[in-house]
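Notebook open, coffee ready. I want to see where this model has empty space inside and how its parts meet.

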Amino acid sequence: MRAIVVGAGLSGMTAAWELVKAGHETIVLEARGRVGGRTWSHRLENGETTERGGEYIFPDEHPIRRLAAELELPIMSHGVRYARRTVNGQIITARKRKSTLACVRSTLTEMLVDGATGVSLETAFAESLGADYRLHPVYRQVTTSAAADPDLVSAEAVLLSEASGASHIEDGGRLVGGNQALALELARRLGRRVRLEHPVTEVDQSASGVEVRLADGTALGADAAIISVPFPLLRELTLGFDLPERQQRALAHRFMGVAAKLAVPLEFVDSDTALQNSEHTWWSWRSLSVDGTTRISALSSFAGGPDTLQALRVEDGPHGWVSALQAMRPDLRIAGEPVLTTWADDPWARGSYTAPGLDWQPEDADAFVALAGRVAIAGEHTGMHQSLSGAVASGYRAAAALSRREVVTDG
């Protein structure tokens, strides 16, 4: 089988690697001049590596850990209290966090049993925790990570789906040398099969194969294709065929969130490794160094949702956020130029990652297991894990779907 993979983010690169290992002739077409998509590692002025995109790899995220192990790329701990951040000088215990989430999930379940539909994250927390719910550290952490207006995000999808998980292990990891190392190593192994600066504008298919048209007007033919581009670009891509109705509904039930990241090289900062802002949905952390003992000389921050990005004035550059960071961490002494990344203005992303809308349905979770004829759709927006591992998992799934079709076709 000859296959074309559109997009060289983690999902596309994973899919291409799986297809090549299975013996299929494969090429990857990428619009950018680099691989990795929203996985983008950057070296600061002081030599520290920071992540401008996807950051955390958790213990139960088996797809990305499987791929990293295969490629012999080590994962080390951030050493950061990801889900138990300091808020107003307090650190929630693991037991209290678990009981709070159980309470919110119980309230939400009762609401759904009583016939409520389209329950938002905001409503679920308000109904469960009462008038001061916005001050609760669990509300702050969950809504920060949602990277979207919590009034528009499905509480059922976030809190009750399989992806939400009932357990918690406090140990987020990162790839030594930067998370982009995964895509870079795959690109090294795939070699000339990866073609950068090849933006695709159209994908069509017939009974005999697929045709992929590029922005320069040229076209490539193959037996099958995997489309692995960010959600907004998928919506704009010209398809000469209809996606299955179930996939169309699943896409219609999602929307692109907005987030930004700030990396600050530093001379000194306080010892709190995970500090959540008490007024807005943003937080900052300081990761472990590769020696497993000291901390890197850089502070990272993540802000999720349109209101917070507006409050930090990220459209005007990093200065507003730096001022807010210094107010939250008065001991901070910066030693270099801060690096701000806002994905909404990136032409090949148009946002951070997707969120499930209020009309999300449980059947959306596995809508993309099936092919659309000769085409598979991959990317974080095709599953319930909006993460590095979710992207990798979707690449595995898409490659497996095409390989199964090849077996059937040849048989």
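Entry 1, cavities. I looked up the largest cavity and got a volume of about 80 Å³. This is a predicted model, so I keep that in mind. How many cavities of 30 Å³ or more are there? I noted three.

Entry 2, the lining. Next I checked which residues line the largest cavity. Among them are Thr 49, Thr 50, Glu 51 and Glu 55. Arg 174, Leu 175, Gly 177, Gly 178 and Asn 179 line the largest cavity too, and I also wrote down Ser 287, Ile 296 and Ser 300.

Entry 3, domains. I pulled up the domain assignment, and it gives domain 1 as 2-39 + 177-255 + 360-410. Domain 2 is listed there as 93-169. The contact between them takes five residues from domain 1 and eight residues from domain 2. I also looked up how far apart their C-alpha centres lie, and the value is 32 Å.

Entry 4, buried area. What is the area buried between domain 1 and domain 2? I found about 530 Å², with carbon and sulfur atoms giving 80% of it. On the domain 1 side, I noted Phe 255, Trp 360 and Met 384, which supply 81% of the area that domain 1 buries against domain 2. No other three residues supply more.

Entry 5, polar links. I went looking for salt bridges between domain 1 and domain 2 and the count is zero. Residue pairs in polar contact, both at pLDDT 80 or more, also come to zero between these domains. Last, I sorted the side of domain 1 that touches domain 2 by class: four nonpolar residues, one polar and no charged ones.

Notes:
Residues numbered from 1 in each chain as written. Predicted model: local features only at pLDDT ≥ 70, side-chain atom pairs only at ≥ 80, totals over all residues. Heavy atoms only, no water. Domains from an automatic or database assignment. Contact = heavy atoms within 4.5 Å. Buried area = accessible area lost by both parts, 1.4 Å probe. Salt bridge = Lys/Arg side-chain N within 4 Å of Asp/Glu carboxyl O. Polar contact = N/O pair within 3.5 Å; in protein donor to acceptor, adjacent residues only side chain to side chain. Nonpolar A, V, L, I, M, F, W, Y, C, P; charged D, E, K, R; others polar. 1 Å grid on protein atoms, 1.4 Å probe; cavity = no way out; pocket = protein on both sides within 12 Å on 5 of 7 lines; lining within 4 Å. Points joined across faces, edges and corners; volume = space filled by probe spheres on them.
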